[in-house]
Amino acid sequence: MNEVNPATAFLETVQSALTKVISSEVKNLEAAADVIADCILEEDKGRVFHVWGPGGHSSIIAEEALYRKGGLACVNPILDPGISLSHGALKEINGLERVEGYARAVLDYHQVKTGDVLLLGSAYGVNVVTIEAALEAKQRGVTVIAITSPEFSRSVDRNHPGRHKSKKNLYEVADITINSFVPPGDAVVKIPGLDQKVSPIGTIMQCAVFQALVALVVDKLVKRGVKPPIWTNALEIGGVEANRKYIKKYYGKFKSL
Amino acid sequence: MDGFEFYKETVVELLDSIARMEREKIDRAADIVATALKEDKLIHVFGTGGHSFMAAEEMFYRAGGLVPVNPIFEQGVTTTHGALRSTMLERLPGYAGPVLEYYGVGEGDVLIVSNAYGINSVTIDAAIEGKKRGCQVIAITSSEHAQKVPPSHPARHPSKRNLFQLKEVDVYIDCHMPYGDAVVALNGLQQKVGPVSTILVSFILNEIVITVAEKLLAQGIVPPIWSSENVVGGAERNREFKKLYFNRIKHL
């Protein structure tokens, strides 16, 4: 009998999802990267590029954006302790991400304002905090870019109690959407003998798309004659010193730093 | 009299008036706590906004403090994770519910809600939810302050109610904090300096603990009290408590 190795099954599923992104999302990545590059080029005019994943595991995307070697220093990673796993996973996932007004408070606290760009990472793209963030940001004249899975959003009943009162999906609100091809249910491996699938690909896909986007943004900036600030690994010799000038510039500006 | 003296005199006066006017209610609160401890219930302490958080810290894992205290350290309503953020989040209706759910606040427990101002959404919701979940609710708050804030103030819960007046509160202990907290008026400065709320609330909490300990001892029960980890023999005495409560108290 042909037995599929579950580990290879998982990895191959990731591979095929990445292939889907490569075949169809380049134009969306380009459009998003142009918008972000424009914003970064006008940093001196006060424009800020924010990254937020409003939800438990969604929040991981902002950790990717935060003080990582090879990452952009000129980004405000929004890591809200309440909308994350770090201060009680159950509390966040079962409750806080459904509280109306929470997203607005976070955007206020991080001073997300007219002219800024907000990248929202949410594979599912349906919870209250995510949709409220997108709608509120648009109302403020912020360009909203989404890394999300429309197929996943569509698989969630419009009347699901966890939804935002508008019943909208993130991809329906965002100005630009990049599809991360996270399948409905997130978990992708069927183990014989078990009803429920295991091993979700959400984080990998969301973060893969994010890092692909960063590479494109940096490329565009360099082609426009600007060398953007990139974090050096603090563990390398000279790493901390190289980072110091960026830390000086951004430590007070970006709360998560 | 200079500011230094005035602050001292004022604090002493306020502690004195608490001792005179709140003693009976502190005693009732201590009865409630002692009964809950005998039934192996937890004493949840929730400081619902900004510096109110310190109430939970004061009661928790403290040398000479009660062991079965479950501090509700909600990072969204403390200054520790973004002070400006906490002012916004404490005003959200619906926030307190998931928090109490998360900490397993339930039937037969005691919930102490501490907030000197006594008006924000998380404060009011916490008391209401606590009662809904079957707790005895003890409130520590300042009626003077709450009464001076107009109903339309944006910090208020949509119901416009004050913590000290909620029917859901079983015992309310007034912390006698004057309106605006700070008490020392200095020439040339519009805003007073020298806030008193932390001192007053800490005093009340510790008097509750002392009274609980006395009541239990009078019944022949040794109350569960933390020893200091920083004295000889302290860690050994604490060992059994840590074993008993490590999995029950989230922040232990």
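Which side chain meets B:Lys131 in a salt bridge? Work through this and the exercises below on the predicted model.

**Exercise 1. Find the partner of B:Lys131, then place both residues.**

Step 1. The side chain of B:Lys131 meets that of B:Asp170 in a salt bridge, at 2.8 Å from N to O.
Step 2. Locate the two ends. B:Lys131 sits in helix H6 (residues 121-132) of chain B, and B:Asp170 in the loop between helix H7 (143-148) and E5 of chain B. The pair links parts of the chain that are 39 residues apart.
Step 3. Check exposure. B:Lys131 has a relative accessible area of 28%, so this residue is partly exposed. B:Asp170 has 31% and is therefore partly exposed.
Step 4. Turn to a network. Salt bridges with shared partners join A:Arg104, A:Asp108, A:Glu136 and A:Arg140.

**Exercise 2. Analyse the salt bridges of A:Asp38 and B:Lys215.**

Step 1. Recall the principle. Side chains of opposite charge can pair when their charged atoms come close.
Step 2. Take chain A. A:Asp38 and A:Arg224 meet through their side chains in a salt bridge of 2.5 Å, N to O. A:Asp38 belongs to helix H2 (residues 26-41) of chain A. A:Arg224 lies in the loop between helix H9 (202-223) and helix H10 (239-250) of chain A. The separation is 186 residues.
Step 3. Add accessibility. A:Asp38 is partly exposed at 32% relative accessible area. A:Arg224 is partly exposed at 42%.
Step 4. Take chain B. The side chains of B:Lys215 and B:Asp27 form a salt bridge at 2.9 Å, N to O. B:Lys215 is in helix H8 (residues 197-218) of chain B and B:Asp27 is in helix H2 of chain B, so the bridge ties together parts 188 residues apart in sequence.
Step 5. Classify these two. The cut-off for buried is under 20% relative accessible area. B:Lys215 has 17%, so this residue is buried. B:Asp27 has 28% and counts as partly exposed.
Step 6. Set the scene. Over all chains, the count of salt bridges is 37.

**Exercise 3. Describe the open sheet of chain A and the helix packed on it.**

Step 1. Write the order. Five strands run E2-E1-E3-E4-E5 in chain A, with parallel pairing.
Step 2. Name the edges. Strand E2 (76-78) and strand E5 (176-179) of chain A each pair on one side only.
Step 3. Give the turn. Neighbouring strands are turned by 20 degrees against each other on average, direction ignored.
Step 4. Examine one pairing. Four bridges join strand E1 (residues 49-52) of chain A to strand E3 (residues 117-121) of chain A. A:Trp52 stands opposite A:Leu120 in E3(A).
Step 5. Add the helix. Helix H6 (residues 128-139) of chain A packs on the sheet and touches E1, E3 and strand E4 (143-148) of chain A. The direction of this helix makes about 165 degrees with that of E3(A).

**Exercise 4. Describe the open sheet of chain B.**

Step 1. The five strands have the order E2-E1-E3-E4-E5, with parallel pairing.
Step 2. E2 and strand E5 (171-174) of chain B are at the edges with a single partner strand each, so one side of each has no neighbour in the sheet.
Step 3. From one strand to the next, the twist averages 20 degrees.
Step 4. Five bridges join strand E3 (residues 110-114) of chain B to strand E4 (residues 136-141) of chain B. B:Leu111 has B:Val137 as its bridge partner in E4(B).
Step 5. Helix H2 (residues 23-38) of chain B lies across E1, E3, E4 and E5 of chain B, at about 135 degrees to E5(B).

**Exercise 5. Is strand E1 of chain B enclosed or open?**

Step 1. Five of the five residues of strand E1 (residues 43-47) of chain B are buried, so the strand is largely enclosed by the rest of the structure.
Step 2. Use the alternation rule. In a regular strand, side chains alternate between the two faces of the sheet.
Step 3. Sort the residues. B:Ile43, B:Val45 and B:Gly47 are buried on one side, and B:His44 and B:Phe46 on the other.
Step 4. Find the neighbour. Four bridges join E1(B) in parallel to strand E2 (residues 69-72) of chain B. B:Val69 is the bridge partner of B:Ile43.

Terms used:
Residues numbered from 1 in each chain as written. Chains lettered and ligands numbered in written order. Predicted model: local features only at pLDDT ≥ 70, side-chain atom pairs only at ≥ 80, totals over all residues. Heavy atoms only, no water. Pairing = 2+ DSSP bridges. Helix = DSSP H or I, 4+ residues; strand = E, 2+ residues; numbered from the N terminus. Axes fitted to C-alpha atoms, helices over the stretch in contact; angles between N-to-C directions. Contact = heavy atoms within 4.5 Å. Buried < 20%, exposed > 50% of the residue type's maximum accessible area, 1.4 Å probe, protein only. Salt bridge = Lys/Arg side-chain N within 4 Å of Asp/Glu carboxyl O.
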